[in-house]
Amino acid sequence: MSQYDRLLFAGDPHGNFNALITAVHKHRPEAVVMLGDYDLEQPLETYLAEILDLTQVWWIAGNHDFETPCKYHNLFHSALAHKSLHLKVTEVAGLRIAGLGGIFLGRVWYPPQVPKWRNKQEYLEHQAAHIKNADMSLKYRSAIWHDEFEALRSLKADILVTHEAPGSHRHGFAVIGELAAAMGVKHIFHGHLHENYTRIIKQHIHVFGVANRTVTNLRGQIVSDIKACHDLSY
């Protein structure tokens, strides 16, 4: 196994995990990190059963994972729920990985605009009583909240994995690159936009976009993909 294949990154599978399963059987990585948008009709472990004894599986959530109660439950209440990297730094395959799942949502915070709500508590306190006493909707749970995002700045990591893209992509957000620089990150891997590409941004941070149903290694090299897939809905 190449040192660059010890950790693999999987782009949005949208219900098809064949590329990831193939990559694990071929390269036997220490761990894999999935970048969101699973579209789960069954619990996550059901799809990955044949590789769970071969490697560690870590993940962040994408916007599709909050679309329905079923998709949400099959991820956040799966047997792999504790493998979320969201809003923390975890040592994986000898590297410190920080995770940021979800998306920027106009009704919460859409950089570079000022946040509409500083935090979830402020949002809930301004809702009608019947909303205030209920669980937060899945749409709002999918959002990146300003206070949680800012809290990551005090942490240090080698790699930042996100669903949203940094400013390296035409549909990305400069604040993600700024966060990575503050954390001392050298590499960013993201999904969501269904494109494979490599860029270098400020502070010499290497950004790797990982396309849907594609798996890359630590150098951003494709190690497995499903070329027949042309789904561009994000």
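# Pockets, cavity and sheet of a predicted model

Helix 8 (residues 174–183) contributes the most to the lining of the second largest pocket, supplying four residues. The model described here is predicted. Helix 8 also lies across strands of an open sheet, and that sheet is formed by six strands. The briefing below takes the pockets, the cavity and the sheet in turn.

**Second largest pocket**

- The volume of the second largest pocket is about 160 Å³.
- Its lining consists of Gly167, Ser168, Ala174, Gly177, Glu178, Ala181, Ile201, Lys202 and Gln203.
- Sorted by class, this lining holds four polar, three nonpolar and two charged residues.

**Largest pocket**

- The largest pocket has a volume of about 200 Å³.
- Fifteen residues line the largest pocket, and those nearest its centre are Phe66, Phe76, His86, Lys120 and Arg141.
- The lining of the largest pocket comprises seven nonpolar, five polar and three charged residues.

**Enclosed cavity**

- General background: rolling a probe the size of a water molecule over the atoms shows where empty space is left.
- One cavity of 30 Å³ or more is counted in the model.
- The largest cavity has a volume of about 70 Å³.
- Residues lining the largest cavity include Ala10, Gly11, Pro13, Met34 and Arg213.
- Asn16, Phe17, Asn18, Ala19, Leu20, Thr214 and Val215 are also among the residues that line the largest cavity.
- Helix 1 (18–27) and strand 10 (214–216) each provide at least two residues of this lining.
- Helix 1 gives the most to the lining of the largest cavity, with three residues.
- By class, the largest cavity is lined by seven nonpolar, four polar and one charged residues.

**Open sheet**

- The six strands of the open sheet follow the order 4-5-6-7-9-8, with mixed pairing.
- Strand 4 (89–92) and strand 8 (197–201) stand at the edges with a single partner strand each, so one side of each has no neighbour in the sheet.
- On average, neighbouring strands of this sheet are turned by 25° against each other, direction ignored.
- General background: strands of a sheet pair through backbone hydrogen bonds, either parallel or antiparallel.
- Strand 4 pairs with strand 5 (residues 95–100) in the antiparallel sense, over four bridges.
- Glutamate 91 stands opposite arginine 96, which belongs to strand 5.

**Helix 8 and the sheet**

- Helix 8 lies across strand 4, strand 5, strand 6 (159–162), strand 7 (187–190), strand 8 and strand 9 (205–209).
- Helix 8 runs at about 155° to strand 6.

Notes:
Residues numbered from 1 in each chain as written. Predicted model: local features only at pLDDT ≥ 70, side-chain atom pairs only at ≥ 80, totals over all residues. Heavy atoms only, no water. 1 Å grid on protein atoms, 1.4 Å probe; cavity = no way out; pocket = protein on both sides within 12 Å on 5 of 7 lines; lining within 4 Å. Points joined across faces, edges and corners; volume = space filled by probe spheres on them. Nonpolar A, V, L, I, M, F, W, Y, C, P; charged D, E, K, R; others polar. Pairing = 2+ DSSP bridges. Axes fitted to C-alpha atoms, helices over the stretch in contact; angles between N-to-C directions. Contact = heavy atoms within 4.5 Å.
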